[in-house]
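Dear colleague,

Please find below the structure that I am handing over to you. My findings follow it, arranged by topic.

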Amino acid sequence: MLQQILHDSCIDSELLAELSDMQKHILFYKIREEQLRRWREHEAQEALAQAEGQRPPKTKRESDKHIQWLLGADGEVWVWIMGEGPGDKPYEEISEELITERAQLQAQREAEELWKQKEAEITKKFRDALANEKARILAEKWRVEMEDRKAAKVLEEQIHEEFKRKEEEVRKQEEEQVHLQEERRAKELYWTLKQAQMQSHASEEEDLEWQEQLLRSKAVDEERSRCAQRARDEYQRHSLRAIQKGTVAGLSSMFQELGQNQQEVRLHHHHYHSSPGPLLPLKVLVSAWERPLRPISREVIVRWFKEEQLPRRAGFERNTTSIAPWFHGIITREDAEDLLESMTEGAFLVRVSDKIWGYTLSYRLQQGFKHFLVDASGDFYSFLGVDPNRHATLTDLIDFHKEEIITVSGGELLQKPCGQRDSPPDYHLLFE
């Protein structure tokens, strides 16, 4: 690939965009080195051809430039002596004017130097004042964010306590059902034994069959108890995982469903008669979203966003129900660059990525664009391979880099969000 690029002395723009700054410098150095090598080779061939007489030596053209002196009335070269010609000022006056002009120029230069010093002092003074004000605003903003985080922590603890209370209620209901079933089964077994005693005339074969039926009934009861325990453990595991992910909205809806349906896991009872029939199996209703290793289709990406990102308020403005103006749906790199084409440097948008579980931040440069991948596969948001900082929400990441640059080499600051251009917006599938 490198040999082809050096041979053609050009590179594809898309391939060039994927290279780092260091790789670009190395590539341009190699191309310039190849150009010099070709020029030296051409000069050597030219010199060899001239030496062998195949090509005449190059001759310089005679210059058509020349000097012509101004002649006086007597035909000689005209000469003028300052101060002696008609209308000339005296030498003393000319000298005085030159001294005055030099003094004015010197004074002007000193005034300019003095102004530069004053201007530097003024600039430093107001720059320091601006920096202090900016630090004060950031400190106030940080204080407000810490208060919001503390409030969110208190809310999460309250929800955790509510979950514990609901869990105890469900546990008690399950234990009561098992206890009632145990009593009912004990009565059934008691009457079965009584009937066996009263029917003493039954054959030995019938007695053995009854014993086998009794053993099967006990085995089914034990299996029912184990299934009920597994259902409770599975319910607790899924609920705890939801809390760890911070899905407060999901837990709220879960509690509402618990209040309406009593429970998601139900035991199906079977009433035994004098000749007990087969027992119905335990039915466990569990539906969980399992994320693939990587996005495989738009449908999977939409479901991932609804299952994992909506509860974390991804794409929303802080503390509001409005969608952020910089947020976009599953659009391509070309569509993002087309939206940013007419905007100035510092414009940006965030689009849902189809390559990773996360997003892509597209940024407008003075000439060209940059695209940064945002990892959202865990319980935080961060740039891949650029910035080690982790943020609790997508909005926190955007607001942070409105004040702090993304990379030291690029100095990218998020200044102006790029909104929607068409109707309906490109993110409508994500919020349906």
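**Confidence and overall make-up**

The mean pLDDT of the chain is 78, and 77% of the residues reach 70 or more. The pLDDT falls below 50 over residues 238–287, a stretch that nevertheless has 76 contacts in the model beyond near neighbours in sequence. Please bear in mind throughout that this is a predicted model.

The chain contains nine helices and six strands. Of its 432 residues, 25% are buried. Among contacts with a separation of 6 or more, 49% are between residues 24 or more positions apart. The chain exposes about 31,600 Å², and carbon and sulfur atoms supply 54% of that area.

**Helix α7 and the nonpolar cores**

Helix α7 spans residues 298–309, and its buried residues are Val 300, Ile 301, Val 302, Trp 304, Phe 305, Glu 308 and Gln 309. The cover over these buried residues includes the strands β1 (327–328), β2 (347–352) and β3 (358–364). As general background, an α-helix has 3.6 residues a turn, so residues three or four places apart point the same way.

The largest nonpolar core has 30 residues, of which Trp 304, Phe 327, Tyr 359 and Leu 361 touch the most other members. At least two residues of this core come from each of α7, β2, β3, β4 (369–375) and α9 (394–403). Helix α7 gives the most, with five residues. Another core, of eight residues, lies apart from this one; Ala 336, Leu 339, Met 343 and Cys 418 are among its members.

**Helix α9**

Helix α9, which also supplies residues to the largest core, is largely enclosed by the rest of the structure, because seven of its ten residues are buried. The buried residues are Leu 394, Thr 395, Asp 396, Leu 397, Ile 398, Asp 399 and His 401.

**A nonpolar patch on the surface**

Which residues form a nonpolar patch on the surface? They are Ile 67, Trp 69, Leu 71, Val 77, Val 79 and Ile 81, and together they have about 700 Å² of accessible area. One of them, Leu 71, is located in the loop between α3 (21–51) and α4 (91–198). Leu 71 counts as exposed because its relative accessibility is 51%, and the cut-off for that class is over 50%.

**Backbone details**

Two residues in the loop between α7 and β1 merit inspection of their backbone angles: Arg 313 and Asn 319. Phi of Arg 313 is near 60°, which is a positive value in a residue other than glycine. Asn 319, likewise not a glycine, has a positive phi near 60°. As for accessibility, Arg 313 is partly exposed, at 36% relative accessibility, whereas Asn 319 is exposed, at 64%.

Where in the chain is the proline that follows a cis peptide bond? The bond in question runs from Ser 423 to Pro 424, with omega near 0°. Pro 424 is placed in the segment after β6 (416–417).

With kind regards

How values were computed. Residues are numbered from 1 along each chain as its sequence is written. This is a predicted model: local features need pLDDT of at least 70, side-chain atom pairs count only at pLDDT 80 or more; totals for chains, interfaces and linings use all residues. Side-chain values use heavy atoms; hydrogens and water are left out. Patches are made of residues with over 30% relative accessible area and no salt bridge: like charges are joined within 9 Å, nonpolar side chains (Val, Leu, Ile, Met, Phe, Trp, Tyr) within 5 Å. Accessible areas come from the Shrake-Rupley method with a 1.4 Å probe; for residues, only the protein chains shown count as cover. A salt bridge is a side-chain nitrogen of Lys or Arg within 4 Å of a carboxyl oxygen of Asp or Glu. Helices (H or I, at least four residues) and strands (E, at least two) are DSSP runs, numbered from the N terminus. Buried means under 20% relative accessible area, exposed over 50%, partly exposed in between (1.4 Å probe, protein chains only). Contact means heavy atoms within 4.5 Å. A nonpolar core is a set of buried Ala, Val, Leu, Ile, Met, Phe, Trp, Tyr and Cys residues joined through side-chain atoms within 4.5 Å. pLDDT is the predictor's confidence in each residue, from 0 to 100.
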